[in-house]
Amino acid sequence: MHSIEKIGKKFWYITPISETDRPVLGIVVGNNKTLLIDTGNSEDHIQYFLDKLSKRQVPYPDIVVITHCHWDHIFGLAALSKTVSISSEKTRKEMEKLIHLSWSDEALDERVKEGTEIEFCANAIKKEFTDHRDITITLPDLVFENKVEIDLGGVTCIVQHVGGDHASDSSIVYIKEEKILFLGDCLYANIFSEKENYTIQGTLELLDKLERFETDTYILSHSKQISKEEFNQQITMIRTIAGYTDRFGGDAQKVIKEYRKQVGRDLTEDEMATVVYFVNGY
């Protein structure tokens, strides 16, 4: 079940649902304009969020930013005909590739079979679109190459392309005055290759970019908000495991042994998954 949460004075978001792969959507309310972050995995998804916001007297969005091209972040864009949409140039180019695709069960199954779609996403689409499957890929109105700064009146959003293993077109949204960094999916592993993975260089370059923002709260699209302390703990873990993976030439057992020795305990589920991702990507 979704819930609507508020952080600070300017930012609202809707919590995710894993079964149908509904990600977090955010909205930033300025004195002059309102900016939506991502459009969800269906028109029903975005409409639900906007209806709940309307009841809280949150203005309808003037602008929407798309963080990256994956279906669960873009399928709701068709419902926002009155809202100006923005993405990186790379995201628009990736979205263009989806226009000709069919989203029928048969087409999804075929793409899973040939390896151009993953089963989790295909199943989530089937669960989200049970009554109808009229999916329209709507392209962003405006694109930027690296970074764009948007003044909403009393609050500024910096939208920056950062890339990453999960999606090379990923962008983040930094809500400057609230010190909130909306990460989208950029910190997640690449789930679209034969083995889910992190690359050492790509991950470390991404972390360098994210650490430049003075942030109190981080929003990941498929989990809960995290504090600065929690974020720092997570990226320290990621950097450490990346370093051991490089040092031991991708030998999983040596990485696990060294990390266990450093922390003085067995690895958590998250730490084990991170080891597997880096070893797979080595």
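# A tour of two sheets and three helices

Select Glu149 to begin: Glu149 stands opposite Ile158 in strand S9. This is a predicted model, in which local features need pLDDT of at least 70, side-chain atom pairs count only at pLDDT 80 or more, and totals for chains, interfaces and linings use all residues. Residues are numbered from 1 along each chain as its sequence is written, and side-chain values use heavy atoms, with hydrogens and water left out.

**Stop 1: the sheet around Glu149**

Now show S8 and S9. The two strands run antiparallel, and five bridges join them. Strands here are DSSP runs (E, at least two residues), helices are DSSP runs too (H or I, at least four), and both are numbered from the N terminus. Two strands pair if DSSP finds at least two bridges between them.

Widen the selection to the sheet. Six strands form an open sheet with mixed pairing, in the order S8-S9-S10-S11-S12-S13. Which strands stand at the edges? They are S8 (147-151) and S13 (226-227). Each has a single partner strand, so one side of each is left without a neighbour in the sheet. In a regular strand the side chains alternate between the two faces of the sheet.

**Stop 2: Cys157**

Stay in S9, residues 156-161, and pick Cys157. Is Cys157 buried or exposed? Cys157 has a relative accessible area of 0%, so it is buried. The cut-offs are these: buried means under 20% relative accessible area, exposed means over 50%, and partly exposed lies in between (1.4 Å probe, protein chains only).

Next, show what surrounds Cys157. Leaving aside neighbours within four places in sequence, Cys157 is in contact with nine residues' worth of selections to try, among them Val28, Leu35, Glu149, Leu152 and Tyr174. Contact means heavy atoms within 4.5 Å. Then pick Lys10. Cys157 and Lys10 are 147 residues apart in sequence, yet 11 Å apart in space, C-alpha to C-alpha.

**Stop 3: the other sheet**

Select S1 through S7. These seven strands make an open sheet with mixed pairing, in the order S1-S2-S3-S4-S5-S6-S7. S1 and S7 (142-144) are the edge strands, and each pairs on one side only. From one strand to the next, the twist averages 25°.

Zoom in on S1 (residues 4-7) and S2 (residues 11-14). They pair in the antiparallel sense over four bridges. Pick Lys6: its bridge partner in S2 is Trp12. Three residues lie between the strands of this hairpin, where Gly8 takes a positive phi near 65°.

Move on to S3 (residues 25-29) and S4 (residues 34-37). These strands run antiparallel, joined by four bridges. Gly26 stands opposite Ile37 in S4.

Now add helix H3, residues 89-96. H3 lies across S6 (84-88) and S7, and runs at about 100° to S6.

**Stop 4: H7 and its helix partners**

Select H7 (residues 228-247) and H9 (residues 269-281). They pack at an angle of about 40°, with their axes 10 Å apart. Axes are lines fitted to C-alpha atoms, for helices over the stretch in contact, and angles run from 0 to 180 degrees between N-to-C directions. H7 and H9 are therefore oblique to each other. Angles under 35 degrees count as roughly parallel, over 145 as roughly antiparallel, 65 to 115 as roughly perpendicular, and the rest as oblique. Residues in the contact include Met237, Ile241 and Thr245 of H7, with Glu271, Thr274 and Phe278 of H9.

Swap H9 for H8, residues 252-263. The axes of H7 and H8 come within 9 Å and cross at roughly 135°. This pair is therefore oblique. On the H7 side, the contact includes Met237, Ile241 and Tyr244; on the H8 side, it includes Val255 and Tyr259.

**Stop 5: Glu271 and Arg265**

Return to H9 and pick Glu271. At 6% relative accessibility, Glu271 counts as buried. Not counting residues up to four places away in sequence, Glu271 touches Met237, Ile241, Tyr259, Arg265 and Asp266.

Finish on Arg265, in the loop between H8 and H9. Arg265 is partly exposed, with a relative accessible area of 36%. Arg265 touches Arg260 and Glu271, not counting residues up to four places away in sequence. For a last view, add Ile175: Arg265 and Ile175 are 90 residues apart in sequence and 37 Å apart in space, C-alpha to C-alpha.
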